[in-house]
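Hi everyone, thanks for making the time. I'd like to walk you through one model today, so let me put it on the screen before I say anything about it.

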Amino acid sequence: MKIDSKNSFWFILLAALLLGVLPFITPYKALASQMLIFAIFAMGYDIVFGYTGLLSFGHAAYFGLGAYGTGLSLIHLSAPTLVALLIGIVSSVLIAFPIGYLSIRRRGIYFAMTTMAFAQMLYFIAFKWRSLTGGDDGLHGVPRPHLGPINLGSELTLYYFILVFFILSVFLGIRIIHSPFGKTLECLRENEDRARSIGFSPTRFKLMSFVISAFFAGLAGGLYALLQNFVPLYSLNLDTSGDIVLMALIGGMGTLYGPIMGAMALVLLKDLLTTSTNIWPLFLGLLFVISVMTFRKGVFKELKERFLSF
Amino acid sequence: MDHNFIFAQLFNGLILGSIYVLLSLGLTVIFGTLGVVNFAHGALYMLGAYAAYSVVKLLNFHFVVALLICPIIIGFIGILLEKFLISKLYKLPHFYNLLLTFGIMFFIQDGIKIIYGPEGVPFNLPQFLGGAANLGFMVIPEYRLFIILITGFLALGVWLFIEKTKLGAVIRAGTDDSETADALGTNISRVFTLVFGMGAALSGLAGVIAAPIQDVGPLMGMNYLTESFVVVIVGGMGSIKGSILAGLIVGELVTVGIMFWPPMSTTLIYIFMAVVLIIRPRGLMGRAAFFE
């Protein structure tokens with residue numbers, strides 16, 4: 001996303017303009033916030049999926065943990081907003097460590113299946129533990145406390161609050177990807193045996209990348225709880241895990257900006273389709289089939305290769 | 001707790017375990033041969049139940065007719081899916097087929113919702129199996145006994161087919177080295193299509209058998225999907241014997257779990273899986289580095 005400075009200057013300017021006015025373009029303001037939240041989630045997911053080459057099929061777990069962690073600390077501890085978000089992130093990261101450690105012992109689909117099964121485990125715990133999580137009714141009444149003088153009660157203010165986190169996440173993501181650490185992840189994806197033979201421990205790097213992506217998922221989840229004033233149980237379920245894979249895949253895995261755009265496009269599309277029809281799952285299934293069969297590099301990457309060269 | 005109660009619970013575990021084994025057979029055959037994690041499995045299972053509903057309720061045929069015809073219909077659907085979609089991705093990393101079948105799952109589920117409505121449809125026990133059988137220590141519905149017997153019969157049949165027949169040997173050869181098997185003169189892609197069709201038919205058959213005791217609805221497969229994945233992971237992915245063993249263990253675990261701590265019995269399955277993964281990552285009877 002760097003390289004040619006002239007083109008990327010215009011690209012960044014355009015992106016900044018678009019993000020600045022986004023809530024005025026979307027049908028309602030909370031939708032723009034939701035697009036940013038899933039963009040953070042998808043970008044973080046891309047670190048483990050696109051860059052490290054590990055298909056985690058249970059990332060809803062970390063999104064949900066972030067959401068429940070933030071929501072519960074806002075309700076029961078009356079924590080300040082930023083502390084609550086931090087608690088959400090810490091919950092995700094703390095759980096991602098043991099699950100990641102157990103899952104990376106296997107590769108490929110085994111990894112996918114194991115991460116999925118652990119996510120299901122958390123889903124069932126949240127489902128059964130009604131007194132804490134509200135079960136399938138979800139966690140209601142998450143407040144949005146003021147942030148110093150700023151009133152987050154307004155949807156527009158909240159959007160810009162989320163935008164700040166989005167921009168920080170993108171910078172952090174780019175830093176991680178272009179660091180030696182990021183390059184090692186790509187090396188692991190391309191040839192794990194060679195990476196090991198030149199002295200990199202695949203286990204350690206994979207675990208780190210898994211936990212980093214859980215960090216972003218936890219942040220996204222926490223922001224989601226703030227946005228909705230509510231944590232739905234489906235934030236933990238298999239559909240959410242699948243959605244995030246599709247967002248990364250459709251946008252183009254291993255590019256960071258691809259999953260960001262994929263997430264924004266998919267959230268917008270889902271909203272437009274669910275308000276006008278009730279065939280969203282049918283369409284989602286079709287989208288999965290088409291993107292896996294025809295453009296595995298992602299729509300945006302294909303377009304970029306053809307029309308832009310930066 | 002007296003003896004009879006414990007016996008009865010263990011027997012209930014056996015019934016539940018049989019259902020798990022029945023559900024995971026199609027999944028195991030497809031994974032064990034093609035390396036495809038078939039997420040559409042649950043949807044094919046649901047299609048089997050809806051096919052049974054259409055044959056028995058709408059067309060007024062006998063349940064036995066549904067048992068024979070529906071798996072063939074679902075198997076045919078499986079063959080089409082393999083031929084036009086799944087087979088194109090064999091050469092790519094295995095997770096692409098996982099994602100593809102995940103998409104197919106949504107498509108089928110929503111398609112059924114549009115055709116039959118979101119509510120689910122009624123399906124009763126077939127009359128000739130509607131009674132109860134006295135086993136001495138407990139009385140159980142005949143239909144449950146029927147499930148145990150047919151699962152045992154099917155599991156044995158599939159195992160014998162893969163391990164002891166000539167076609168089974170060709171299938172195993174294709175799994176180990178599809179290029180060499182192809183070079184030696186078998187049309188291996190046709191064999192793979194057939195295997196996927198067979199796996200789909202087994203999923204469909206499981207749906208037909210489960211229809212009278214489950215709520216037949218568009219999402220019925222989704223509910224059992226992850227649990228049958230756990231059975232397959234614990235058993236060792238691709239091992240038929242492994243999934244039979246794992247299915248029975250998981251069934252007992254759930255029913256015994258209900259005796260002690262009801263809310264956690266489903267979670268217990270996943271904890272058990274975590275323990276197996278820690279001690280033996282390849283599963284009870286799995287081959288090391290199989291399609292990894």
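Let me begin with how chain A is held together, keeping in mind that this is a predicted model. Take the contacts in chain A between residues at least 6 apart in sequence: 77% of them join residues at least 24 apart. As for secondary structure, chain A has 14 helices and two strands.

What radius of gyration would a compact globule of 310 residues have, and what does chain A have? The expectation is near 19 Å, and chain A has 19 Å, so the two agree. Along the principal axes, the C-alpha atoms of chain A fill a box of roughly 50 × 45 × 40 Å. Of the 310 residues in this chain, 49% count as buried.

Let's stay with chain A and look at one helix. α10(A) runs over residues 202–228, and at 1.5 Å a residue its 27 residues should span 39 Å. The end C-alpha atoms of α10(A) are 38 Å apart, which agrees with that. α10(A) is mostly covered, with 21 of its 27 residues buried. Just after this helix comes A:Asn229, which has a positive phi, near 55°.

While we are on phi, have a look at A:Ser78. A:Ser78 is not a glycine, yet its phi is positive, about 45°. You will find A:Ser78 in the loop between α3 (60–76) and α4 (81–103) of chain A. Is A:Ser78 buried or exposed? A:Ser78 counts as exposed, because it has 11 C-beta neighbours inside 10 Å, and the cut-off for exposed is 12 or fewer.

Chain B has a similar case to show you, B:Asn60. Its phi is also positive, at about 60°, although B:Asn60 is not a glycine. B:Asn60 sits in the loop between α2 and α3 of chain B. With 8 other C-beta atoms within 10 Å, B:Asn60 is exposed.

That loop leads us to α3(B), the helix at residues 63–84. Its 22 residues should span 32 Å at 1.5 Å a residue, and the end C-alpha atoms are indeed 32 Å apart. Where does α3(B) bend? The bend is at B:Ile69, by about 25°, and a proline, B:Pro71, follows within four residues. B:Pro71 is one of the buried residues of α3(B), a list that also includes B:Phe63, B:Ala66, B:Cys70, B:Ile74 and B:Glu82. The partners that the buried residues of α3(B) pack against are α2 (41–58), α4 (95–116) and α8 (188–210) of chain B.

Now for the domains of chain B. The domain assignment gives domain 1 as 30–218 and domain 2 as 219–286. Their C-alpha centres lie 20 Å apart. Domain 1 of chain B puts 18 residues into the contact, and domain 2 of chain B puts in 13. On the domain 1 side, α1 (3–34), α2 and α5 (142–164) of chain B each supply at least two residues. Of these helices, α2(B) has the largest share, six residues. By class, that side of domain 1 divides into 11 nonpolar, six polar and one charged.

Domain 1 ends at residue 218 in that assignment, so let me zoom in on B:Pro218. B:Pro218 lies in the loop between α8 and α9 (220–235) of chain B. With 24 other C-beta atoms within 10 Å, B:Pro218 is buried; the cut-off is 20 or more. Which residues is B:Pro218 in contact with, leaving aside its neighbours within four places in sequence? They are B:Met46, B:Gln109, B:Ile112, B:Lys113 and B:Pro118. The C-alpha atoms of B:Pro218 and B:Asp110 are separated by 7.4 Å, though the two residues are 108 apart along the chain.

Last stop: where the two chains meet. The contact takes 33 residues from chain A and 34 from chain B. On the chain A side, α5 (108–128), α11 (238–251) and α13 (280–293) each supply at least two residues. Which helix gives the most to that side? α5(A) does, with 14 residues. Sorted by class, the side of chain A that touches chain B has 23 nonpolar, five polar and five charged residues.

That's my tour, and I'm happy to rotate the view for anyone who'd like another look.

Conventions
Residues are numbered from 1 along each chain as its sequence is written. Chains are lettered from A and ligands numbered from 1 in the order in which they are written. This is a predicted model: local features need pLDDT of at least 70, side-chain atom pairs count only at pLDDT 80 or more; totals for chains, interfaces and linings use all residues. The radius of gyration is taken over C-alpha atoms; the globule rule is 2.2 Å times the number of residues to the power 0.38. Two residues are in contact if their C-beta atoms, placed from the backbone, lie within 7 Å. The expected span of a helix is 1.5 Å times one less than its number of residues. The bend at a residue is the angle between axes fitted to the seven residues ending there and the seven starting there. Ala, Val, Leu, Ile, Met, Phe, Trp, Tyr, Cys and Pro count as nonpolar, Asp, Glu, Lys and Arg as charged, and the others, Gly among them, as polar. Domain bounds come from an automatic or database domain assignment.
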